[in-house]
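Biologist: Hello! I am new to this one, so could you walk me through it, one question at a time?

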Amino acid sequence: MDIHSTSKNPVTLLGLGDMGTALARAWLAAGHPLTVWNRTPEKAEPLAGQGARTVAGPAEAVAAATGPIVLCLLDDASVGEALDGIDLHGKDVINLTTSTPAQAQQRARWAEDRGARFLDGGIMAIPPMIGRPETGGYIFYSGDHALFERHREALAVPAGAEFVGEDPGHAALHDIALLSAMTGMFAGITHAFALVGPEKDLDRARFATLLAEWLGAMSGAAHGMAAQLESGGYTEGVTSNLAMMAAANDTLLATARDQSVDPRLLTPYMELMRLRVAQGHGDEGLAGAVGLLGGE
């Protein structure tokens, strides 16, 4: 069947790196007519064999677009370079290129100045998760809500589509905030494996299972912290207060020393806890430490 004869909305995609290629395959598999461009034309050839239309340049792609123009390029500067001097009037631009919130807000103004409608996106998935809803991947969107609703069906094909606000920077903010939390989690995992590393008779596969289960159980603390930050009641529902946790940190550090493990992945957070206790807030939970970072 010729996918270009279907009733699915057409999609134009600029950028065929690993993520862009995964997005392209998902839309093709779902029957969306797809036009693609990539700076290196060879990357488009396999998709042409699957039914995608390839074009020689971004100007041709944009001019022919009757549906969303999705950008999945290297960085924000690449977006400006690819679309420099191209008429965007009346076009729907959806930017899935990784950026900061400030870059997304600036890019939204840039698009609007050129007569385009704009959505920014933050992809919470890796390429193998795209087009596979069972993996739990999703994409944050922010900006023009009417534009999101207009293209919701197509946007939901590669991964779950989650609208997080009309501020164009909010998708990137959610993206970076979650990735930052993930980075902290990976730091803890790295430290944990370093601690058990010297123990030759320890089953690391079994330890990994215990570690994943423990982190999953503890992740629910995010809801309690959110409630405390919302209400300002940092002692509400506290079962393990900062004073207790700060005191227990001495045991964590002593064990790291005994195992010849550098504690540098933990000590900055421990210092925040110690400072909050020193300020007289030892009866609080962890929410009070947020303000020490300037987030409240």
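**A guided first look**

Modeller: Happy to! Let's start with one residue: Leu 28 lies in helix H1, which covers residues 18–29. Please keep in mind that this is a predicted model.

Biologist: Thanks! Is Leu 28 buried or exposed?

Modeller: The relative accessibility of Leu 28 is 8%. The cut-off for buried is under 20%, so Leu 28 counts as buried.

Biologist: How many Å separate the C-alpha atoms of Leu 28 and Val 157?

Modeller: Along the chain, Leu 28 and Val 157 are 129 residues apart. In space, the separation between their C-alpha atoms is 9.8 Å.

Biologist: Let me step back to the whole chain. What percentage of its residues count as buried?

Modeller: The chain has 12 helices and eight strands, and its C-alpha trace spans about 65 × 45 × 30 Å along the principal axes. There are 296 residues in the chain. The share of them that count as buried is 39%.

Biologist: How are helices H4 and H5 oriented to each other, roughly parallel or roughly antiparallel?

Modeller: H4 holds residues 76–83 and H5 holds residues 101–113; their axes come within 11 Å and cross at roughly 15 degrees. H4 passes H5 in a left-handed crossing. Angles under 35 degrees count as roughly parallel, and therefore H4 and H5 are roughly parallel to each other.

Biologist: Now the charged side chains. How many salt bridges does the structure hold?

Modeller: Side chains of opposite charge can pair when their charged atoms come close. One of the pairs here joins Arg 53 and Glu 60, with 3.8 Å between the closest N and O atoms. In total, the structure's salt bridges number nine.

Biologist: Which residue forms a salt bridge with Arg 132, and is that partner buried or exposed?

Modeller: Arg 132 is itself partly exposed, with a relative accessible area of 42%. Its partner is Glu 134, and the closest N and O atoms of this pair are 3.1 Å apart. Glu 134 has 60% relative accessibility, and exposed means over 50%. So Glu 134 counts as exposed.

Biologist: How far apart are the closest N and O atoms of Arg 264 and Asp 262?

Modeller: Arg 264 is exposed at a relative accessible area of 60%, whereas Asp 262 is partly exposed at 41%. The two residues form a salt bridge. Between their closest N and O atoms the distance is 2.7 Å.

Biologist: Which residues are joined into one network by salt bridges that share partners?

Modeller: Here the salt bridges have partners in common, which links the residues into one network. Its members are Asp 92, Arg 117 and Arg 150.

Biologist: Where is Ser 260 found?

Modeller: Ser 260 has a phi near 60 degrees, a positive value in a residue other than glycine. With 69% relative accessibility, Ser 260 counts as exposed. Its place is the loop between helix H11 (242–258) and helix H12 (267–278).

Biologist: One last stop, the nonpolar surface patch with Phe 186. What is its area?

Modeller: Phe 186 is found in helix H8, residues 170–196, and counts as partly exposed because its relative accessibility is 42%. Ile 176, Leu 179, Met 182 and Met 185 make the patch together with Phe 186. The area of this nonpolar surface patch is about 390 Å².

Technical notes
Residues are numbered from 1 along each chain as its sequence is written. This is a predicted model: local features need pLDDT of at least 70, side-chain atom pairs count only at pLDDT 80 or more; totals for chains, interfaces and linings use all residues. Side-chain values use heavy atoms; hydrogens and water are left out. Patches are made of residues with over 30% relative accessible area and no salt bridge: like charges are joined within 9 Å, nonpolar side chains (Val, Leu, Ile, Met, Phe, Trp, Tyr) within 5 Å. Accessible areas come from the Shrake-Rupley method with a 1.4 Å probe; for residues, only the protein chains shown count as cover. A salt bridge is a side-chain nitrogen of Lys or Arg within 4 Å of a carboxyl oxygen of Asp or Glu. Helices (H or I, at least four residues) and strands (E, at least two) are DSSP runs, numbered from the N terminus. Buried means under 20% relative accessible area, exposed over 50%, partly exposed in between (1.4 Å probe, protein chains only). Axes are lines fitted to C-alpha atoms, for helices over the stretch in contact, and angles run from 0 to 180 degrees between N-to-C directions. Angles under 35 degrees count as roughly parallel, over 145 as roughly antiparallel, 65 to 115 as roughly perpendicular and the rest as oblique. A crossing is left-handed if the near helix is turned anticlockwise from the far one by less than a right angle, and right-handed if clockwise.
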